[in-house]
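Got your viewer open? Let's take a walk through this protein, one selection after another.

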Amino acid sequence: MAIRKITEFPEPVLAKVGEPITEFDESLAELCEDMFATMYDAEGVGLAAPQIGISKRLFVMDCEGLKLIAANPVIVSSEGVQSGHEGCLSVGKVPAVVERPMKARLKAQDVNGNWFEAEAEGYAARCFLHETDHCDGKLFIDRLPKLRREMVIRRFQKEKRWR
Ligand code: NI
C-alpha cells in the first residue's frame, strides 16, 4: 500500500476521458488500496484514478458511510436538485457552489468485476456525480460559470505558491 501523488489542475490527465477497466486482477486490487490510502491521507471523501495520473474509469469513495470501489461507473438516473459547496483534491479543495441532482443511482463494477447498483442522496450523490465526472475528464470547475471558474483557479494557484 502506498500513498500516491495527487495530480492537480491543469495536468492534462485530468481532462482526458478514462479508458475502461478490463482486467479485474490483483494489480487492480492493489491500485484501489493505494487510492483509498491516498484519499484518506488527503482527507478526501472520493478519489478517481486520473487524480493519481492514471487515465482509467475508476474511483473509490468513503462518504457518509457509503464506502465503495466503482470501475466503469455510469450514472443511470438522477432526480431533483441540490445546491451546495463542492471541492476537489486536484484543485486544492477550494470550495465553490455547484448545482447537482439531489439523488443519483450509480451502476459500476466492483473490484472483482461484478456489476452493482447503488443509490445515494445529498452529499454522497454529489460524490457519485463528481467522481464519475473525473472518469469523463471533467472537473467540478468545468460546471461553474466562467467568472467563478476563474476565481477558483486563481485562488488555487495563489494557495499553491504558499505550500
Ligand atoms: Ni475531484
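Start with the whole chain in cartoon view: you should be able to pick out 3 helices and 7 strands. Keep in mind as you look around that this is a predicted model. Now trace the chain from its beginning, and you'll follow the pattern α-β-β-β-β-β-β-β-α-α.

Zoom out a little. The C-alpha atoms fill a box of roughly 40 × 35 × 25 Å along the principal axes. What radius of gyration would a compact globule of 163 residues have? Near 15 Å, and the protein has 15 Å, so the two agree. Try a surface view next: about 8600 Å² is exposed, and carbon and sulfur atoms supply 51% of that. As for the inside, 48% of the 163 residues count as buried. The fold also brings together parts of the chain that sit far along from each other: among contacts between residues at least 6 apart in sequence, 66% join residues at least 24 apart. If you colour by charge, you'll find 23 positive and 26 negative side chains, with the centres of the two sets 9 Å apart.

**Stop 1: the metal**

Select the nickel ion and show the side chains around it. Which atoms coordinate the nickel ion? They are SG of C88, NE2 of H130 and NE2 of H134, at 2.1 to 2.3 Å. Along the chain, these donors follow the spacing C-x41-H-x3-H. Now click on two of them in turn: C88 lies in the loop between strand 4 (82-86) and strand 5 (96-100), while H134 belongs to helix 2 (residues 123-135), so this pair ties together parts that are 46 residues apart in sequence.

Are these two buried or exposed? With a relative accessibility of 2%, C88 counts as buried, because the cut-off is under 20%. H134 counts as buried too, at 1%.

**Stop 2: a serine in a loop**

Next, select S55, which you'll find in the loop between strand 1 (46-48) and strand 2 (58-63). Its relative accessible area is 16%, so S55 is buried. Who touches it? Setting aside neighbours within four places in sequence, S55 is in contact with V13, K16, V17, G18 and E19. For a bit of distance practice, draw a line from the C-alpha of S55 to the C-alpha of R161: these residues are 27 Å apart in space and 106 residues apart in sequence.

**Stop 3: backbone oddities**

Time to look at the backbone. Most residues other than glycine have a negative phi, and most peptide bonds are trans. Here are some exceptions to hunt for.

Begin with P10, in the segment before helix 1 (26-41). The peptide bond leading from F9 to P10 is cis, and its omega is near 5 degrees.

Then jump to E43, in the loop between helix 1 and strand 1. E43 isn't a glycine, yet its phi is positive, at about 55 degrees. Its relative accessible area is 66%, so E43 is exposed.

Finish at E64, in the loop between strand 2 and strand 3 (66-79). What is phi of E64 near? It is near 50 degrees, again a positive value in a residue other than glycine. At 60% relative accessibility, E64 counts as exposed, because the cut-off for that is over 50%.

Key. Residues are numbered from 1 along each chain as its sequence is written. This is a predicted model: local features need pLDDT of at least 70, side-chain atom pairs count only at pLDDT 80 or more; totals for chains, interfaces and linings use all residues. Side-chain values use heavy atoms; hydrogens and water are left out. Donors are N, O and S atoms within 2.8 Å of the metal (3.2 Å for Na, K and Ca); water is not among the atoms, so sites may look incomplete. Helices (H or I, at least four residues) and strands (E, at least two) are DSSP runs, numbered from the N terminus. Buried means under 20% relative accessible area, exposed over 50%, partly exposed in between (1.4 Å probe, protein chains only). The radius of gyration is taken over C-alpha atoms; the globule rule is 2.2 Å times the number of residues to the power 0.38. Contact means heavy atoms within 4.5 Å. Accessible areas come from the Shrake-Rupley method with a 1.4 Å probe; for residues, only the protein chains shown count as cover. Lys and Arg count as positive and Asp and Glu as negative; His and the chain ends are not counted. The place of a charge is taken as NZ of Lys, CZ of Arg, CG of Asp or CD of Glu.
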